[in-house]
Structures are given as C-alpha cells and as structure tokens.
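Subject: Structure for you to look over

Dear colleague,

I am handing over the structure we spoke about, with the sequence alongside. Please open it before reading on, so that you can follow the notes with the coordinates in view.

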Amino acid sequence: MSGKYLVTGGAGYVGSVVAQHLVEAGHEVVVLDNLSTGFREGVPAGASFVEGDIRDAAKWLDGSFDGVLHFAAFSQVGESVVKPEKYWDNNVGGTMALLEAMRGAGVRRLVFSSTAATYGEPEQVPIVESAPTRPTNPYGASKLAVDHMITGEAAAHGLGAVSLRYFNVAGAYGEYGERHDPESHLIPLVLQVAQGRREAISVYGDDYPTPDGTCVRDYIHVADLAEAHLLAVAAAAPGEHLICNLGNGNGFSVREVVETVRRVTGHPIPEIMAPRRGGDPAVLVASAGTAREKLGWNPSRADLAGIVSDAWEFAQRRAGQ
C-alpha cells in the first residue's frame, strides 16, 4: 500500500538512497533539505523537493503525510568535538522542532537515522541494543539525546517510531553514493588513492588487539540499509519506540579494506602508518538480531568486495562527469 512520506536530509548520501527506494516502492516522496551538506542532484527524479530547514517543517507537514524519515543531521565526529554547539543546535534543536511539527500535523510515524556512536567504547561485541550507551563525542551524544526525546514523545503523545543505529554504511546504489566534503569514511578515502586524488591512505594504529593490529568495523551496504528503513516505517507502532542496530554481524579490519580495494581496482594503495586516534575502539560489530526479528530485515549484500565494487563504479562515474 503506497503512502506519502517526508524525507528530511533526503539530498544526502543515505537519505537519497532511502528516498529512491521509497519512490521505487510506489510511495509519494517529499524531500526536505537545506543543501548544507546534501546535493540537489541527489534528490530522486520521482520525488518532490523543498529547499528548507527542519526547523521550518511545520510549513510543509500536514495530515496528508503518513510518516517522516529523518536524516537531517550533522555527522562529522571530529567537527562535533571542536564545535559541539553546532551539533546540539541542529541535531537536537532541529529534531525537537520537527517533532513539534509532526505533533501539530497529526503525523504519528517516524523513522530516525541514529548511529552506533551512541554506544561509545563497547564492553562486548557484537553490540546489542541493551548495551550501555556512553558516547565519546558530541555527535554520538546528540543522537542519543534525540533517541531519548523520541522515547518520551512516543510515551506521551502516541508517536510510533523506530530508531536505526547504523554501523559503517558503504557502497552505492545506482546514481547515489558517498560524496562527503570533506570525506571522512574509509572506503571512499581509499578509493581516492586508487583514483590518484590522494597519495596514500593513513592507517591510524596497527597495535590494536585484533588479528592484524588495525581497527575492525562492521560494513553495511547502503541499499540493505535503505530496505531496513522501508520495513521500519511499516512496522512503527503507535506509542512504541523501537531501537534496532543495523550491521552485518561481522567485521573487516582497515588492512582488509585496503587490500580489498587493491583487488577490486587493480591499483596499488600506499599506506602511511599514523598514531592511534583518540576514542577509536578496536572492534565495532553489530548484533542485528532485533532488526531481523522485529522488522524481518535480512541484509543480502554483506560481501566486502561487492560493497567496494559498487562504491568504485560510483566514484569512477563521478570522475568522468
């Protein structure tokens, strides 16, 4: 059954892929984005576009909408450390305004783009949703604050909500892929080396308690992630706030990622060893059992070479434009 959805931040990486999936599923989609980090060409052809801020969502939300999928947030961990006020203002203040607009319009279904950064340094892996939440930076703290806000909104006002805590999103879906500026994610950074746009990849620490000494992360294909959002918006139940981790349940080290890029691209990837970065856990791997059980979500693109190949094709297309 088709519906009408507002996608905030739908001109960004994940938001644009989710918006495209919604369009392909036959839904009416309105993308709201201020283009501070997103790209106008990232909005799917079948979606309507409104350039604006989430604080002004009340201008466009009305009772004709079936729900909101909320991606509009600043997400650079390093920047959040030096400009925490920017993250509290936008991520928390902006979401508070969005919740108020939803309440006023009678829109009672929300899927929130949360993050594994809410957990901080994990005591055990794979990480389950009941693990302690101790974010180590303002970005993670701002997302956790929003999760708490949503829990209160669901209990007090009947909102049906699902928070999806992503691990490392990667890959591309057709015309939609990563193009952050500045780029901070490992796979696109290594691909920049393959393209000759960067001389070498920095490896931050090789003395972690992992098989090859480098950090291990759980990579999830952006298309699998998008499918989880469609399942989540259908599963959102009035008065309930469900939190689900999204990951593949296995991890790849920094060195494994670099070696996979070498194989996929056929390019040598020089490495530069650098000191550890503060706050980088050795291993971050998700338990996605809740998403499987509650949403019926089954990621099908867990192969790292496939994830890298899709990202490489997207990067090559962009370079040729």
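What follows is a summary of the helix packing, the enclosed and open spaces, and two points of backbone geometry.

Please keep in mind throughout that this is a predicted model.

I will begin with the helix packing around α9. Helix α5, which covers residues 186–194, packs with helix α9, residues 304–320, at an angle of about 60°, and their axes lie 10 Å apart. That angle is why α5 counts as oblique to α9, and the crossing of the two helices is right-handed. On the α5 side the contact is made by I187, L191 and A194, while α9 brings L304, I307, V308, A311 and W312 to it. Sorted by class, the residues of this contact of α5 with α9 are 8 nonpolar, with no polar and no charged ones.

Helix α7, residues 254–265, also packs with α9, again at an angle of about 60°, here with the axes 9 Å apart. The helices α7 and α9 are therefore oblique to each other, and their crossing is right-handed. The contact draws on E256, V257, T260, V261, V264 and T265 of α7, and on L304, A305, V308, S309 and W312 of α9. By class, the contact of α7 with α9 has 7 nonpolar, 3 polar and 1 charged residues. If you compare the two lists for α9, you will find L304, V308 and W312 in the contact with α5 and also in the contact with α7.

The helices α5 and α9 come up again in the second largest pocket, which holds about 280 Å³ of space. Its lining is made by 18 residues, of which E178, R179, Q192, R197 and R318 lie nearest the centre of the pocket. The elements that give two or more residues to this lining are α5 and α9, and the largest share, 5 residues, comes from α9. In contrast to the contact of α5 with α9, which has no polar and no charged residues, the lining of this pocket divides into 7 nonpolar, 5 polar and 6 charged residues.

As for enclosed space, the structure holds 1 cavity of 30 Å³ or more, and about 30 Å³ of space lies in the largest cavity. The residues that line the largest cavity are H70, F71, A72, A73, N91, T95, F112, K143 and V146. Helices α3 (84–105) and α4 (138–157) each supply at least two residues of this lining, and by class the lining has 5 nonpolar, 3 polar and 1 charged residues.

Two places in the backbone also deserve a mention. Most residues other than glycine have a negative phi, and most peptide bonds are trans. A cis peptide bond, with omega about -5°, joins V125 and P126, and P126 is found in the loop between β5 (109–115) and α4. At L35, a residue other than glycine, phi is positive, with a value near 65°; L35 is found in the loop between β2 (28–33) and β3 (48–51).

With best wishes

Key. Residues numbered from 1 in each chain as written. Predicted model: local features only at pLDDT ≥ 70, side-chain atom pairs only at ≥ 80, totals over all residues. Heavy atoms only, no water. 1 Å grid on protein atoms, 1.4 Å probe; cavity = no way out; pocket = protein on both sides within 12 Å on 5 of 7 lines; lining within 4 Å. Points joined across faces, edges and corners; volume = space filled by probe spheres on them. Helix = DSSP H or I, 4+ residues; strand = E, 2+ residues; numbered from the N terminus. Nonpolar A, V, L, I, M, F, W, Y, C, P; charged D, E, K, R; others polar. Axes fitted to C-alpha atoms, helices over the stretch in contact; angles between N-to-C directions. Parallel < 35°, antiparallel > 145°, perpendicular 65-115°, else oblique. Left-handed = near helix turned anticlockwise from the far one by under 90°. Contact = heavy atoms within 4.5 Å.
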